Amino acid sequence: MVGNDRREHSRTALSAKVKVQHATLGEFLFSTRDISDGGIFIVVESDPFEPAMGDRVQVQVQGLPVPAPVLEMVVVRKTNDGFGLQFADQ
């Protein structure tokens with residue numbers, strides 16, 4: 001860890017389209033900014049996506065030749081431009 005950065009895992013820049021499903025907010029398509037062994041960061045621009053910290057969402061990478069698995073993730077961080085999602089099994 002460096003300075004005030006409390007993250008356990010190093011991040012790798014990754015721009016991918018992901019489908020995010022929330023039980024009450026619905027289904028959205030976002031881009032990722034980065035990924036780590038612990039989770040991903042999704043960029044939220046104009047969509048009305050306001051989950052609460054701790055909410056669970058289902059995430060699936062889009063645009064692959066075969067359907068990607070649907071992963072259970074937890075909302076753990078909010079910034080001005082998006083949300084940090086942690087893999088639920090972490």
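This is a short tour of the structure above, stop by stop.

**Before you start.** The model is predicted: local features need pLDDT of at least 70, side-chain atom pairs count only at pLDDT 80 or more, and totals for chains, interfaces and linings use all residues. Residues are numbered from 1 along each chain as its sequence is written, and side-chain values use heavy atoms, with hydrogens and water left out.

**Whole protein.** Show the cartoon. You will find seven strands and zero helices. Strands (E, at least two residues) and helices (H or I, at least four) are DSSP runs, numbered from the N terminus. In sequence order the pattern is β-β-β-β-β-β-β.

**Surface.** Switch the surface on. The protein exposes about 5900 Å², by the Shrake-Rupley method with a 1.4 Å probe. Carbon and sulfur atoms supply 50% of that area. Of the 90 residues, 32% are buried (under 20% relative accessible area, 1.4 Å probe, protein chains only).

**Strand β7.** Select residues 82-87. This is β7, and it is mostly covered. Five of its six residues are buried.

**One partner: β4.** Add residues 39-43, strand β4. β4 and β7 run antiparallel, joined by five bridges. Strands pair if DSSP finds at least two bridges between them. Pick glycine 39: its bridge partner in β7 is glutamine 86.

**Another partner: β6.** Now select residues 71-79, strand β6. Six bridges join β6 to β7, again antiparallel. Threonine 79 has glycine 82 as its bridge partner in β7. Where does the chain turn? β6 and β7 form a hairpin, with two residues between them.

**Last stop: contacts.** Zoom out. Take the contacts (heavy atoms within 4.5 Å) with a separation of 6 or more. Residues 24 or more positions apart account for 43% of them.

Technical notes. Buried < 20%, exposed > 50% of the residue type's maximum accessible area, 1.4 Å probe, protein only.
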